Structures are given as structure tokens and as C-alpha cells.
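Work through the following exercises with the sequence and the model side by side. Each task is followed by a solution that goes step by step.

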Amino acid sequence: MEETAPPQTVELTVWGAEEDMELLQEITAAFQARYADQASIQITCQPQSESSCKDILLGDLEAGADVFTFADDQSAALAAAGALDPIEDAAPIRAANLSAAVEAASVSGTLYAYPLTADNGYFLYYNKAYFNENDVQTMDGILAAAEAAGRQFSMDWTSAWYVYAFFGNTGLEVGLNEDGLTNYCTWNRTDGPISGVDVAQAMLSIAASPGFSSRTDEEFLKGVQDGSVIAGVSGVWNAVAVQEAWGEHAGAVKLPTFTCNGRQVQMASFSGCKLIGVNAYSSQPEWAARLAEWITSEENQRLRFERRGQGPANSSAAASAEVQNSAAIAALLAQSEFSQLQRVGGNFWDPVTEFATSMAKGNPSGASLQAQLDRMVENVTAR
């Protein structure tokens with residue numbers, strides 16, 4: 001009698017955000033059950049920050065997870081370091097996902113990762129008890145209503161990620177050089193329709209309003225909960241908490257316009273996606289790729305939205321009634337027209353924070369705005 005070969009044993013490690021562990025374990029358990037007739041699959045899920053995944057992984061690729069979640073601005077570095085191989089059968093993945101998410105998962109047009117979410121951006125939350133739909137179209141309208149109510153509009157000017165909003169649609173530019181490490185930046189430009197000083201003066205005007213408060217994301221949420229903040233710039237991760245605090249009055253829309261050099265300029269935003277990568281050094285590359293596809297499938301992206309409120313990268317899931325009826329996701333999608341993928345080198349963050357913190361405080365040093373812009377750009381573009 002012919003003996004049946006024992007099933008193949010497959011061991012895989014998956015990294016994901018700590019707050020996603022319960023969901024990830026549910027998804028991977030379903031994967032094990034689905035392929036139980038083909039292999040004995042053992043999957044270990046470990047918490048690992050998506051924002052620092054690259055640094056941990058590149059510290060020891062061979063000891064890293066087989067499958068991992070990471071923020072899309074790490075794609076180029078992971079590909080360049082050989083941590084990710086191009087995805088062999090890319091066409092179905094390109095076809096199934098939003099074009100912006102596919103772009104985020106690609107390097108020089110080659111797909112290196114599986115799109116998971118398309119919701120890493122920001123927009124405006126507002127309390128409908130204090131604002132009408134016209135108020136929230138402009139920063140002037142928001143601040144006037146906040147002042148009248150003795151409450152505040154909040155935005156984090158200690159974060160360069162949010163501060164990009166004021167420069168992104170002005171014709172002033174920032175981005176990565178071809179080396180993938182250093183930045184170019186024209187935020188201190190003195191000519192053109194809008195100069196750097198024009199933006200700085202617009203920020204000072206906003207900061208001077210009693211209706212404005214520069215608060216971190218955590219402080220924004222506390223303000224929402226204690227009633228001191230009635231509008232603010234944040235992302236989908238606060239959607240549930242804002243809804244709980246404001247109930248039927250919770251509203252969300254794209255970012256407003258702001259007054260700059262006598263004109264209304266639409267505020268911009270950085271956008272981003274969460275991606276699933278397969279370690280090029282995995283001892284089980286085919287099974288790891290199969291698991292990555294499973295985690296990012298339409299069904300599991302729908303489940304992720306249902307459980308975690310995260311916006312799908314999958315086109316069909318994103319078009320579902322449930323997702324479209326989410327005010328936060330709808331606002332993010334409306335803002336996406338005015339957003340750019342976050343592609344900046346490490347020197348971007350601290351100089352912009354230093355400049356914007358000065359603006360938030362009303363330029364207490366009294367230093368020339370142009371001088372402060374020049375200093376910021378010099379440090380952002382330092383090699």
C-alpha cells in the first residue's frame with residue numbers, strides 16, 4: 001500500500017501594529033484553516049510599529065518577519081536594501097486596488113508590496129452645533145464661528161506633517177532628490193504668485209485668532225471631549241472617539257481654504273497608505289506571498305474597515321456603501337484631490353516644526369520671516 005506523504009510544515013512570522021493584533025490573529029487563523037489540507041501552517045503574529053518597521057527589519061533581514069505591515073514612505077528604502085523583491089504577478093493587484101495605493105506600493109513603476117489601506121491622511125472634523133456647511137469651507141469662517149462660540153479650532157503646528165497643508169498648493173515645493181535621502185525645497189521663494197513670506201504671514205494671521213489653538217493629536221481629542229475644541233484637523237484614527245463625543249453633531253469634510261496674499265488657497269495634505277511586504281529573505285517565499293495576498297484581500301479589507309475603521313485600498317471595498325457612508329472616509333476621499341504622497345527625507349521634519357512653532361506663538365523673537373524661512377530651507381535641504 002502506498003504511503004501518503006506527511007503534510008508540509010510551514011512556519012511564518014507576521015508583524016503588524018499592536019492595535020491590530022486581534023484582527024491579524026483572526027485573519028491568519030482563517031488562512032491556516034483555508035490551507036490546512038495543503039500544509040501544517042504555524043503563524044506567529046508579533047506587534048511592530050508600522051512607522052519604524054524599516055529600521056527594525058534592516059537591522060537583521062534574515063531574522064525579520066516573513067510578512068510585515070509598513071508605512072508607504074519606507075517602500076523605496078526597503079526595495080533599495082533588498083528587503084523586498086518585485087511582485088511577480090502584479091497585474092491582478094494593480095487592477096484590484098486604488099491607483100494611489102498602487103503608486104504608493106511601487107518604486108519607479110515596479111510593484112514591491114501589497115496595498116492594505118489608503119487612509120493615512122488628514123481632513124477637518126467639526127461640530128455641527130456650531131458650524132454650518134458654509135462656515136467650514138474657509139479658515140476665516142471656521143475661526144469666526146469658533147471665536148463667536150468662545151471655543152477653538154485645533155491643528156498641530158508642532159508636526160511638519162500637518163504644516164505641509166499651508167505650502168502644498170501654493171506652487172512652493174518640497175520633495176526627495178534622486179538620491180532618495182536628501183530634499184529639495186522652495187518654501188522660501190521670494191517671487192511667483194505666492195512667496196514663502198506670504199504663507200508665513202497667513203499662518204501668523206491664523207495664530208492671532210482667539211479661535212485658534214495649536215494642539216497635538218492627543219490634545220485635540222481631549223479638547224473635543226471637554227468641549228473646548230469644536231473643530232480640528234486630524235485623521236480617521238480619531239473617527240470613533242469624535243463620534244462618541246459629538247454624536248449626531250459630528251461632521252467631517254475636506255480641509256478648508258485659507259487667505260494667503262489676498263486669495264483663497266485650498267489647504268493641501270500629505271497622504272499615505274499602509275502596505276504589506278514579503279521579506280525577500282523569507283524561507284517560505286511562496287507561502288509568505290500567499291499570506292500577504294490573503295491579508296490584503298477584498299474580504300479582509302472589508303473586515304478591517306468594519307473592525308478598525310481603516311479605509312480600504314481595494315477598489316471594490318472602498319466603493320462599498322458602508323465605507324462611502326463613513327463621514328471620515330468620505331472627507332478623506334474628498335481631500336485626496338488636494339493631497340500628495342509623503343516623500344521627504346529625514347531632514348524635513350525638525351526645521352519645519354521649528355519654523356511653524358514660531359508662527360504658532362506669533363513670532364515671539366521678532367526675527368525676519370524671510371530669514372526664518374531661509375534657515376528652515378537650509379536645514380531641510382542639508383546634505
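Helices (H or I, at least four residues) and strands (E, at least two) are DSSP runs, numbered from the N terminus. Residues are numbered from 1 along each chain as its sequence is written. The model is a predicted one, in which local features need pLDDT of at least 70 and side-chain atom pairs count only at pLDDT 80 or more, while totals for chains, interfaces and linings use all residues, and side-chain values use heavy atoms, with hydrogens and water left out.

**Exercise 1. Place Tyr35 in the chain and list its contacts beyond the neighbours within four places in sequence.**

Step one is the location: Tyr35 belongs to the loop between helix H1 (21-34) and S2. Step two is accessibility, for which buried means under 20% relative accessible area, exposed over 50%, and partly exposed in between (1.4 Å probe, protein chains only). With a relative accessibility of 12%, Tyr35 counts as buried. Step three uses contact in the sense of heavy atoms within 4.5 Å. Once the neighbours within four places in sequence are set aside, Tyr35 is in contact with Ile41, Trp287, Arg290 and Trp294.

**Exercise 2. Describe the overall build of the protein: how many helices and strands does it have, and what share of its residues is buried?**

Begin with the elements, of which the protein has 17 helices and 18 strands. The radius of gyration (taken over C-alpha atoms) is to be compared with the globule rule, which is 2.2 Å times the number of residues to the power 0.38. The protein has a radius of gyration of 23 Å, close to the 21 Å that the rule gives for 383 residues, so it is as compact as a globular protein of that length. Along the principal axes, the C-alpha atoms fill a box of roughly 90 × 50 × 30 Å. Next comes burial, with 51% of the 383 residues buried. Finally, among contacts with a separation of 6 or more, 72% are accounted for by residues 24 or more positions apart.

**Exercise 3. Which residues of helix H6 are buried, and against which elements do they pack?**

First, find helix H6 at residues 139-149, where Met139, Gly141, Ile142, Leu143, Ala145 and Ala146 are buried. Second, follow their packing partners: the buried residues of H6 pack against strands S7 (123-127), S8 (152-155), S11 (212-214), S12 (229-234) and S14 (257-260), and also against helix H8 (196-207). Third, look just after H6, where Gly150 takes a positive phi of about 70 degrees.

**Exercise 4. What parts of the chain does the salt bridge between Lys274 and Glu50 tie together?**

A salt bridge is a side-chain nitrogen of Lys or Arg within 4 Å of a carboxyl oxygen of Asp or Glu, and the structure holds 11 of them. In the one considered here, the side chains of Lys274 and Glu50 meet at 3.4 Å, N to O. Lys274 lies in strand S17 (residues 274-278) and Glu50 in the loop between strand S2 (39-47) and helix H2 (53-59), so the pair ties together parts that are 224 residues apart in sequence. Both Lys274 and Glu50 are buried.

For contrast in setting, turn to Asp191, whose salt bridge with Arg189 has its closest N and O atoms 3.5 Å apart. Asp191 is partly exposed at 48% relative accessibility, and Arg189 is partly exposed as well, at 26%. A further salt bridge joins the side chains of Glu306 and Arg307 (3.9 Å, N to O). Here Glu306 is exposed, with a relative accessible area of 61%, whereas Arg307 counts as partly exposed at 45%. Salt bridges that share partners also join Asp20, Arg304 and Arg308 into one network.

**Exercise 5. Are Ser108 and Asn363 buried or exposed, and what is the sign of phi at each?**

Start from the background that most residues other than glycine have a negative phi. Ser108, although not a glycine, has a positive phi of about 50 degrees; its place is in the loop between strand S4 (106-107) and strand S5 (110-111), and at 78% relative accessibility Ser108 counts as exposed. Asn363, likewise not a glycine, has a positive phi of about 55 degrees. The place of Asn363 is in the loop between helix H16 (349-360) and helix H17 (369-380), and its relative accessibility of 13% makes Asn363 buried.

The loop between H16 and H17 also holds Ser368, which is partly exposed at 42% relative accessibility. To close, measure from C-alpha to C-alpha in the model: Ser368 and Val197 are 9.4 Å apart in space and 171 residues apart in sequence.
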